[in-house]
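Please look over the sequence and the coordinates before reading on. The paragraphs below lead through the fold by way of its strands, its rings and a few individual residues.

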Amino acid sequence: QVQLVESGGGLVQAGGSLRLSCAASGITFSINVMGWYRQAPGKQRELVAAITSGGSTNYADSVKGRFTISRDNAKNTVYLQMNSLKPEDTAVYYCKAISARPYWGQGTQVTVSS
């Protein structure tokens with residue numbers, strides 16, 4: 001089992017920054033990929049960014065150049081640095097870890113005001 005706890009969401013003005021953290025506990029050695037997804041009201045959950053245990057990253061086109069995903073394997077924590085935030089980035093952000101099966105965090109709200 002893997003447990004994920006997110007933190008760092010909040011309210012920020014457009015153009016501002018936030019950093020999300022996701023701490024994993026449990027059978028963490030089995031985790032290969034960790035990522036961040038988001039879901040806005042009335043929309044499907046979508047991939048924001050993902051990172052493998054080796055450090056390879058993947059980003060949604062809408063966040064490239066603004067968001068950076070990183071991972072501290074020693075702390076079993078993944079981060080999402082979000083800069084130049086836009087109102088359309090408003091969503092609940094979820095952490096996901098993939099080992100034998102996917103695990104999800106509880107989500108953290110990010111609200112960007114115009």
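What follows is a walk through a predicted model, starting with strand pairing and moving on to aromatic rings, a lysine and several loop positions.

A convenient place to begin is strand E3, which covers residues 18-26 and pairs in the antiparallel sense with strand E1, residues 2-7, over six bridges. Within this pairing, Ser7 has Ser21 of E3 as its bridge partner. E3 also pairs with E8, again in the antiparallel sense and over six bridges, and here Arg19 is matched with Gln81 of E8. Strand E3 thus has pairings with E1 and with E8. In a regular strand, side chains alternate between the two faces of the sheet.

Ala23 offers a closer view of E3, the strand in which it lies. With a relative accessible area of 34%, Ala23 is partly exposed, since that value falls between the 20% limit for buried residues and the 50% limit for exposed ones. Beyond its neighbours up to four places away in sequence, Ala23 touches Gln3, Leu4 and Val5, as well as Asn76 and Thr77. Of these contacts, Gln3, Leu4 and Val5 fall within the range of strand E1, residues 2-7, while Asn76 belongs to the loop between strand E7 (67-72) and strand E8 (77-82). For a sense of scale, the C-alpha atoms of Ala23 and Ser113 are 27 Å apart in space, the two residues being 90 residues apart in sequence.

Which residues are linked by ring pairs into a cluster? They are Tyr37, Tyr94 and Trp104, and the structure holds two aromatic pairs. In one of them, Tyr37 and Trp104 meet edge-to-face, at 5.1 Å centre to centre and with 70° between the planes. Because Tyr37 lies in strand E4 (residues 33-39) and Trp104 in strand E10, this pair ties together parts that are 67 residues apart in sequence. The rings of Tyr94 and Trp104 have planes at 85° and centres 6.4 Å apart, so this pair is edge-to-face as well. Tyr94 lies in strand E9, so its pair with Trp104 in E10 ties together parts that are 10 residues apart in sequence. As to accessibility, Tyr94 counts as buried at 15%, whereas Trp104 counts as partly exposed at 37%.

A charged residue is associated with two of these rings. Arg45 lies over the face of Tyr94, at 3.7 Å from the ring centre, and Arg45 also lies over the face of Trp104, at 4.6 Å from the ring centre.

Strand E9 also contains Lys96, and its surroundings raise a question: how far away is the nearest side chain of opposite charge? That side chain belongs to Glu6 and is 12 Å away, and Lys96, although buried, has no salt bridge. The absence follows from the distance, because a salt bridge requires a side-chain nitrogen within 4 Å of a carboxyl oxygen. Apart from residues up to four places away in sequence, Lys96 touches Leu4, Val33, Met34, Gly35, Tyr37, Pro102, Tyr103 and Trp104. Its contacts therefore include Tyr37 and Trp104, the two members of the ring pair at 5.1 Å.

The loops around these strands complete the tour. Ser99 is placed between strand E9 (91-98) and strand E10 (102-104), and at 19% relative accessibility it counts as buried because the limit is 20%. Its contacts, leaving aside neighbours within four places in sequence, are Val2, Ser30 and Ile31.

The loop between E8 and E9 holds both Ser84 and Leu85, which contrast in accessibility: Ser84 is partly exposed at 42%, while Leu85 is buried at 2%. Leu85 touches Val12, Ala14, Gly15, Gly16, Ser17, Leu18, Arg66, Phe67 and Val112, not counting residues up to four places away in sequence. By contrast, Gly54 is 28 Å from Leu85, C-alpha to C-alpha, at a separation of 31 residues in sequence.

Ser84 has a further feature in its backbone, namely a positive phi of about 50° although it is not a glycine. Asn76, likewise a residue other than glycine, has a positive phi near 50°, and its relative accessible area of 27% makes it partly exposed.

Conventions. Residues numbered from 1 in each chain as written. Predicted model: local features only at pLDDT ≥ 70, side-chain atom pairs only at ≥ 80, totals over all residues. Heavy atoms only, no water. Helix = DSSP H or I, 4+ residues; strand = E, 2+ residues; numbered from the N terminus. Buried < 20%, exposed > 50% of the residue type's maximum accessible area, 1.4 Å probe, protein only. Contact = heavy atoms within 4.5 Å. Pairing = 2+ DSSP bridges. Phe/Tyr/Trp six-rings, centres within 6.5 Å; stacked < 30°, edge-to-face > 60°. Lys NZ or Arg CZ within 6 Å of the ring centre and 35° of its normal. Lys, Arg positive; Asp, Glu negative; His and termini not counted.
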